[in-house]
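Please look over the sequence and the model shown below before reading the notes on its packing and backbone.

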Amino acid sequence: MNIEFYNTLTRRKERFVPQDPSRVTMYVCGPTVYNFAHIGNARPAVVFDVLARLLRRSYRLVYARNITDVDDKINAAARERGESIGEITRRFTQAYLEDMQALGVQAPDVAPLVTEHIPDIIDMITRLIGSGHAYEADGHVLFSVASYPDYGALSGRETSELLAGARVEVATYKRDPGDFVLWKPSDTDTVGWDSPWGRGRPGWHIECSSMIERHLGETIDIHGGGQDLIFPHHENEIAQGTCAHGGRTYCRYWLHNGFLNVDAEKMSKSLGNVLLLRDLLNEAPGEVIRLALLSARYREPLDWNDALLADSRRKLDRLYGALRGLPVADHPVDPPEAVLAALYDDLNTPRALAELFALVRELNTSDDQARRASLAGALRAGADLLGIAQQDPEAWFAGVQGDSGLTEQDIEARLQARAQARSARDFAEADRIRDELAALGITIEDGADGTRWRRAG
Ligand code: AMP
Ligand code: ZN
């Protein structure tokens with residue numbers, strides 16, 4: 001079976017062939033640590049965690065996800081809060097790692113910090129100046145986009161179009177308005193490092209290129225991140241990286257996750273709909289949030305809403321319900337072919353989930369204990385690739401009961417009693433059951449296709 005990815009650079013699905021099958025390299029842009037991560041930030045972390053799990057089955061993977069701890073947003077947050085930059089970045093890095101752990105995201109092999117790579121950054125900028133791809137102006141060092149004819153290939157924009165966009169900062173010291181900052185001066189109140197161009201700090205794009213060069217090499221196999229990073233961040237990474245390496249390919253496969261919206265709206269501070277992972281983790285187990293994040297294909301937009309969370313909880317109830325009472329295999333079990341095939345197809349997680357539920361149905365309808373145990377092993381192995389359903393089912397149901405005191409079976413039994421009361425026209429009893437469930441945080445909705453229930457949160 002071949003792994004296929006949609007490559008943003010070529011705009012088509014391509015078979016994944018690593019440059020060196022004994023060492024596959026992957027880099028994903030990590031968080032800028034100046035506040036708590038929101039649910040959108042969790043999407044790339046979870047999606048590329050699934051990809052890392054998949055690749056590790058076949059290859060020795062070196063996966064790097066950085067921590068951006070030098071950024072003007074961090075400086076602004078430190079000023080606003082009256083704290084030091086180090087206090088801010090340490091606290092929010094810690095919080096990010098805790099949140100990721102709660103989502104079952106495995107630690108990457110390398111988690112570089114920008115602050116530990118300043119000499120690498122200065123070195124790369126020096127080389128770019130030396131080869132005529134960058135120039136010093138007014139205390140800044142800028143990358144000259146005119147020096148790289150392929151600029152715009154990733155985002156598919158013409159240079160003139162790029163420049164017409166309002167997103168490029170116009171400054172008198174630039175030779176060309178599209179030129180971007182590699183190094184900028186810091187005043188005495190701003191964090192900075194000594195450099196050949198005076199005391200200053202790096203621009204955002206050069207940080208990732210330098211950490212990639214240091215930890216993964218000149219050409220990497222896979223680079224990931226959210227679609228918002230295609231331009232300018234990744235476009236600029238390619239320009240710098242390619243020019244610093246004598247024109248060699250910077251990255252072979254570019255994978256970008258789609259955006260997560262909340263109740264069909266873009267998450268934004270001004271709309272007041274930014275959902276912090278911290279808060280969501282108080283409402284639902286990390287595993288529920290993880291499954292919800294994997295319910296859509298990674299390249300598609302994902303709409304986050306209460307129904308999605310309730311549905312994911314129910315799905316986990318079903319998965320754990322099927323595994324209940326069945327032994328955990330004492331030997332490694334291969335994931336089902338159909339689950340692998342779905343993930344090999346550009347990480348089709350909804351299809352992989354559907355295949356898991358096909359196994360659940362088979363398991364629930366079989367009364368052959370040996371067959372059930374073998375199906376349970378396959379189910380666990382397949383779910384492991386997605387990073388779900390790995391705990392003891394009893395622990396899951398004990399945790400779920402902690403919220404409402406009711407398991408899925410308890411709820412279904414009460415719904416049946418209510419349906420019976422209704423068909424006997426005992427509406428007082430039917431209402432009593434509904435109110436009792438509501439008091440336990442279970443909302444029920446009668447629809448054309450029967451009664452559905454969901455837990456609050
Ligand atoms: P930042 O800390 O803003 O640099 O973002 C970290 C990662 O989260 C990047 O890969 C972004 O593309 C991604 N990201 C930010 N917001 C969203 C969102 N609403 N949906 C999906 N990914 C997002
Ligand atoms: Zn980056």
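The report that follows concerns a predicted model and takes up its nonpolar cores, one helix contact and some backbone features.

## Nonpolar cores

The largest nonpolar core of this model has 83 residues, and those with the most contacts inside it are Met26, Ile39, Ile289, Trp304 and Leu319. Helix α1, which spans residues 39–58, supplies the largest share of this core, with 11 residues. Apart from this core lies another one, of 40 residues, which includes Cys29, Val62, Ala134 and Ile220.

Trp304 deserves a separate look. When residues up to four places away in sequence are not counted, Trp304 touches Ile39 and Ile289, both of which are also listed among the residues with the most contacts inside the largest core. The other residues that Trp304 touches on this count include Leu260, Val262, Leu275, Leu280, Ala292, Leu293 and Leu309, together with Asn261 and Asp263.

## A contact of helix α13

Ala381 has its place in helix α13, which covers residues 369–386. With a relative accessibility of 13%, Ala381 counts as buried, because the cut-off for that class is under 20%.

Leaving aside neighbours within four places in sequence, the residues in contact with Ala381 are Val333, Asp334 and Pro335. Of the pair Ala381 and Pro335, it can be added that the two are 46 residues apart in sequence, while their C-alpha atoms are 4.7 Å apart in space.

## Backbone features

Most residues other than glycine have a negative phi, and most peptide bonds are trans. The features below are set against that background.

The peptide bond that leads from Phe231 to Pro232 is cis, its omega being near 0°, and Pro232 itself lies in helix α7, which comprises residues 230–244.

Two residues that are not glycine are described here for a positive phi: Asp346, where the angle is near 50°, and Arg425, where it is about 60°. Asp346 belongs to the loop between α11 (337–344) and α12 (349–365), whereas Arg425 is found in the loop between α15 (408–423) and α16 (427–439). As to solvent accessibility, Asp346 counts as buried because its relative accessibility is 1%, against a cut-off of under 20%, while Arg425 is exposed because its relative accessible area is 65%, against a cut-off of over 50%.

Technical notes: Residues are numbered from 1 along each chain as its sequence is written. Chains are lettered from A and ligands numbered from 1 in the order in which they are written. This is a predicted model: local features need pLDDT of at least 70, side-chain atom pairs count only at pLDDT 80 or more; totals for chains, interfaces and linings use all residues. Side-chain values use heavy atoms; hydrogens and water are left out. Helices (H or I, at least four residues) and strands (E, at least two) are DSSP runs, numbered from the N terminus. Buried means under 20% relative accessible area, exposed over 50%, partly exposed in between (1.4 Å probe, protein chains only). Contact means heavy atoms within 4.5 Å. A nonpolar core is a set of buried Ala, Val, Leu, Ile, Met, Phe, Trp, Tyr and Cys residues joined through side-chain atoms within 4.5 Å.
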